[in-house]
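The following questions and answers go through one structure, from local details to the sheet and the ligand shell.

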Amino acid sequence: MADVATLVEQAREGRPRAVARLISLVEGASPQLREVMAALAPLTGGAYVVGLTGSPGVGKSTSTSAMVTAYRKAGKRVGVLAVDPSSPFSGGALLGDRVRMSEHASDPGVYIRSMATRGHLGGLAWAAPQAIRVLDAAGCEVIVVETVGVGQSEVEIAAQADTCVVLLAPGMGDGIQAAKAGILEIGDVYVVNKADRDGADATARELNHMLGLGESRGPGEWRPPIVKTVAARGEGIDEVLEALEKHRAWMDERGVLAERRRIRAAHEIETIAITALRARLADLRGDVRLSALAARVTGGELDPYAAADELVAGLTGL
Ligand SMILES: Nc1nc2c(ncn2[C@@H]2O[C@H](COP(=O)(O)OP(=O)(O)OP(=O)(O)O)[C@@H](O)[C@H]2O)c(=O)[nH]1
Ligand SMILES: [Mg+2]
C-alpha cells in the first residue's frame, strides 16, 4: 500500500515520480482512490485547463509541445495529459507524442502523461478529471489535455476543459465538413494549423462563415477567434496563448469559469453516483431483499414498479 499522505506531499513539491504514482493509483481505480481524492481536494482549483481537439494528424501534439514551450518561457508550470479514448493501453498510439514532447522530457517544470481510457467505467468522463486533479494539486498552473482520436471524445474533452481549442488544418480532405457536426459548438478558440500549406486562408474563411462570425452577436457574447499557426515552427503560438488568456478573462468577468467548473463537477458526481448505484444493483442477484420483493410481486401484493421503488429507496436511503 502506498503512503498517500507522503505521495501527496511529494507531488506538491513537484516530484515527478510521486505525480506518476498518484495518477497510476487513480487510473487503476485503486482501493486507495478515495483516500487520494480526499487528500487532493483541498489542493485543487488553481490550474487552468485547456482542451485541445481535432482530427488525427492536424498537429495537436506539435501544437501542445509548442504551447508548453511558450508557457515555460512565461515561467509557468505545465501539465500535459494526452488521452486516448479508443485504446485500453497507455502508450501505443501515444508513443509518437512522446517523441514530439521529448524536448520537455528533462524539464522539471513540465509533467507529461498519456492515458488510455477505453474500458474504464465512464470512459474519459471518469478517468481524466482525476488525473487533472493530480496535476492541479502538483502545482501545474496550466494543464493541456489533448485527445487522440475523433468522435464523441471531442465533445467529452470540451466538457472537461475551461477553454476548448479546436484545431483544423487545410487540405485535410474531409476538412471542416466532416467535423462540423460537433466542433462548431464546442470551440472557444479555433486554430488553423499548417498555415504554411496552401488553403489555410480558405479554411479560415470557411470556418469563419460556418461559425457565423460575420454576424452580429449580443453584447458581451464570446466570439471565438480563429488563429493561424505553423506549430512545427512555433509560429502563431503566442497568439494562441493570447486568445486563451482573453477567453479566460472573459469567463472570469462573467462568472462563466466558475459556472463551467460547477457543471463539470455535477457531471462527475453524477457519473460516480450512477456507477456506484449500478454496482450495488448488480450485487443484488440472490439478495434476500430482492427475493422477498419478488415473492410479494408474484403473490399479487405489489406491482413491480412499486417493488422497484422500494428496492431503490432501500439501496440509497432515500
Ligand atoms: N507542414 C506542417 N506540418 C505540421 C505542422 N504542425 C504539425 N505538422 C506535422 O503534422 C504531422 C502530425 O502532427 P501531430 O502533432 O502528431 O498531429 P496530432 O494531431 O497530434 O496527431 P494525432 O495525435 O495522431 O491525432 C507531423 O508530421 C507534424 O510534423 C505545421 O504547422 N505545418
Ligand atoms: Mg497527437
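Q: Which residue just after α1 takes a positive phi?
A: The model is a predicted one. In it, helix α1 covers residues 4–12. Just after this helix the phi angle is positive, at about 85 degrees, and the residue concerned is glycine 14.

Q: Which residues of α1 are buried, and why do they line one face of the helix?
A: Val4, Leu7, Val8 and Ala11 are the buried residues of α1. Viewed down the helix axis, they fall within an arc of 100 degrees, so they line one face. The face turned away from that buried side carries exposed residues, namely Ala5 and Thr6. The buried set is therefore confined to an arc of 100 degrees.

Q: In what order do the strands of the sheet lie?
A: The protein chain has 13 helices and seven strands. Seven strands form an open sheet with parallel pairing. Its edge strands, each pairing on one side only, are β3 (110–116) and β7 (226–228). From one strand to the next the twist averages 20 degrees, and the order is β3-β2-β4-β1-β5-β6-β7.

Q: How many bridges join β2 to β3, and which residue of β3 stands opposite leucine 81?
A: Strand β2 spans residues 78–84 and runs parallel to β3. The two are joined by seven bridges. Opposite leucine 81, in β3, stands arginine 113.

Q: What angle does the direction of α4 make with that of β4?
A: Helix α4 covers residues 60–73. This helix packs on the sheet, where it touches β1, β2, β3, β4 (142–147), β5 and β6. Its direction and that of β4 make an angle of about 175 degrees.

Q: Why is β5 largely enclosed by the rest of the structure?
A: On one side of β5, Thr163, Val165 and Leu167 are buried; on the other, Cys164, Val166 and Leu168 are buried. Both faces of the strand are thus covered. Strand β5 (residues 163–168) is largely enclosed because the number of its residues that are buried is six of the six.

Q: Which residues stand opposite valine 166 in β1 and β6?
A: Strand β1 (residues 48–54) runs parallel to β5 and is joined to it by five bridges. β6 (residues 189–192) also pairs with β5 in the parallel sense, over four bridges. Valine 166 of β5 faces threonine 53, and in β6 it stands opposite tyrosine 190.

Q: Is glycine 46 buried or exposed?
A: Glycine 46 lies in the loop between α3 (33–40) and β1. Leaving aside residues up to four places away in sequence, it touches Asp136 and Glu141. Glycine 46 has 10 C-beta neighbours inside 10 Å, and 12 or fewer is the limit that applies, so it counts as exposed.

Q: What separates the C-alpha atoms of glycine 46 and glycine 139?
A: Along the chain the two glycines are 93 residues apart. In the chain as a whole, residues 24 or more positions apart account for 73% of the contacts with a separation of 6 or more. The C-alpha atoms of glycine 46 and glycine 139 are separated by 7.7 Å.

Q: Which helix gives the largest share of the shell around ligand 1?
A: The ligand is surrounded by 17 residues, the closest being Gly59, Lys60, Ser61, Thr62 and Ala232. By class, the shell has six nonpolar, six polar and five charged residues. Its largest share, three residues, comes from helix α4.

Notes: Residues are numbered from 1 along each chain as its sequence is written. Chains are lettered from A and ligands numbered from 1 in the order in which they are written. This is a predicted model: local features need pLDDT of at least 70, side-chain atom pairs count only at pLDDT 80 or more; totals for chains, interfaces and linings use all residues. Two residues are in contact if their C-beta atoms, placed from the backbone, lie within 7 Å. A residue is near a molecule or strand if its C-beta atom, placed from the backbone, lies within 6 Å of it. Ala, Val, Leu, Ile, Met, Phe, Trp, Tyr, Cys and Pro count as nonpolar, Asp, Glu, Lys and Arg as charged, and the others, Gly among them, as polar. A residue is buried if 20 or more other C-beta atoms lie within 10 Å of its own, exposed if 12 or fewer, and partly exposed in between; C-beta atoms are placed from the backbone. Two strands pair if DSSP finds at least two bridges between them. The arc is that of the directions from the helix axis to the C-beta atoms. Axes are lines fitted to C-alpha atoms, for helices over the stretch in contact, and angles run from 0 to 180 degrees between N-to-C directions.
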